[in-house]
Amino acid sequence: MIYAIILFVVLLIIYIGSFLLNKRTPRPKDCPDFKACHGCANMLCTHRKKESQ
Amino acid sequence: MMKLFALFISLTFVHNVVLSKFYAICPLMGLSKKPKNALNMGLAVIFVIFISSIVTWLIYYYILVPLKITYMDLITFIMVIASLVQFLEMFLKKYAPDIYKAMGVYLPLITTNCAVLGVALDNISASYTLIEAMVAGIAVPLGFTIVIYVFALIRERLSYADVPQSFKGAPIALITAGVMACALMGIAGIVK
């Protein structure tokens, strides 16, 4: 049981770390702004433009 | 070698991840309006599933099995895939901006693509070796890419077709997917 908890905590730390590192990594200079994307109908996508915007 | 080839053909066409197992229906419907978007999504899925199937196989057999915590496989694979997608996006931003521009927007969508998790879990439940898991990691997303691209081409033509009002949009798309599934069943006897 203890190994399971340790593994879960380690995975959670890795995920949070990778998320923060990814967020801080700048996009390539001539890359389009994905925040205005409407390329798909997936409402969960973080790049999808909000309907109110 | 023949066994691996049979596995490849089986997972790509006969037991296609979308049309026989019904994984990844969400991107199939959501990303198949334009063939270019469908192809880019397919390439991103090939990239992520190949790497995730190797990583999850190694984690299962070298961490979960020795520690006797195999019941943690589902949550471990979810976290590993989510982290992997973040790392891949970061890597592509930094070292391969051209590839990032081509598939950058599709990478976060892969976290919610159940085919990625499905391949990782199927590799374990089918007791594949590492080589077989790598073949599955190529064959399954290739099957997905072929289906989503062909489906997008058909949908593009359907937008110009004289479809009855009540069948326009999702209904005709789902009927098309059903007909494609029937077509793939025609080769079901080739490989078990």
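Leaving aside its neighbours within four places in sequence, with which residues is Met41(B) in contact? Select Met41(B) to begin: its partners are Pro27(B), Leu31(B), Tyr106(B), Leu109(B), Ile110(B), Asn113(B) and Phe144(B), where contact means heavy atoms within 4.5 Å.

The model is predicted, so local features need pLDDT of at least 70 and side-chain atom pairs count only at pLDDT 80 or more, whereas totals for chains, interfaces and linings use all residues. Residues are numbered from 1 along each chain as its sequence is written, chains are lettered from A and ligands numbered from 1 in the order in which they are written, and side-chain values use heavy atoms, with hydrogens and water left out.

**The cores**

Keep Met41(B) selected and add Ile110(B) and Phe144(B): these have the most contacts inside the largest nonpolar core, which has 44 residues. A nonpolar core is a set of buried Ala, Val, Leu, Ile, Met, Phe, Trp, Tyr and Cys residues joined through side-chain atoms within 4.5 Å. Buried means under 20% relative accessible area, exposed over 50%, and partly exposed in between (1.4 Å probe, protein chains only). Among the chain B helices that each supply at least two residues of this core are α1 (2–14), α2 (25–30), α6 (107–111) and α9 (170–185). Helices here are DSSP runs (H or I, at least four residues), numbered from the N terminus. Next select α8 (130–158) of chain B; α8(B) gives the most to this core, with nine residues.

Apart from the largest core lies another, of 13 residues; to find it, select Ala4(A), Leu11(A), Tyr60(B) and Ile69(B), which are among its members.

**Helix α7 of chain B and its partners**

Now display helix α3 (residues 35–64) and helix α7 (residues 114–125), both of chain B, whose axes come within 9 Å and cross at roughly 40°. Axes are lines fitted to C-alpha atoms, for helices over the stretch in contact, and angles run from 0 to 180 degrees between N-to-C directions. The two helices are therefore oblique to each other; angles under 35 degrees count as roughly parallel, over 145 as roughly antiparallel, 65 to 115 as roughly perpendicular and the rest as oblique. On α3(B), the contact includes Val48(B), Ser52(B), Trp57(B) and Tyr61(B), and on α7(B) it includes Val119(B) and Asn123(B). By class, this contact has 10 nonpolar, four polar and no charged residues. Ala, Val, Leu, Ile, Met, Phe, Trp, Tyr, Cys and Pro count as nonpolar, Asp, Glu, Lys and Arg as charged, and the others, Gly among them, as polar.

Keep α7(B) in view and add helix α4 (residues 73–95) of chain B; α4(B) and α7(B) pack at about 135°, with their axes 10 Å apart. That makes α4(B) oblique to α7(B). Residues to pick in this contact include Asp73(B), Phe77(B) and Ile81(B) of α4(B), and Leu117(B) and Leu121(B) of α7(B). The contact divides into nine nonpolar, no polar and one charged residue.

**From chain A to chain B**

Select Ser18(A), in helix α1 (residues 2–24) of chain A. Is Ser18(A) buried or exposed? Ser18(A) is buried, with a relative accessible area of 0%. Leaving aside its neighbours within four places in sequence, Ser18(A) is in contact with Ser83(B), Gln86(B) and Phe87(B).

**Two loop residues**

Finish in the loops of chain B. Phe22(B) is in the loop between α1 and α2; its phi is near 60°, a positive value in a residue other than glycine. Phe22(B) is exposed, with a relative accessible area of 57%. Lys68(B), in the loop between α3 and α4, has a positive phi near 55° and counts as exposed at 71% relative accessibility.
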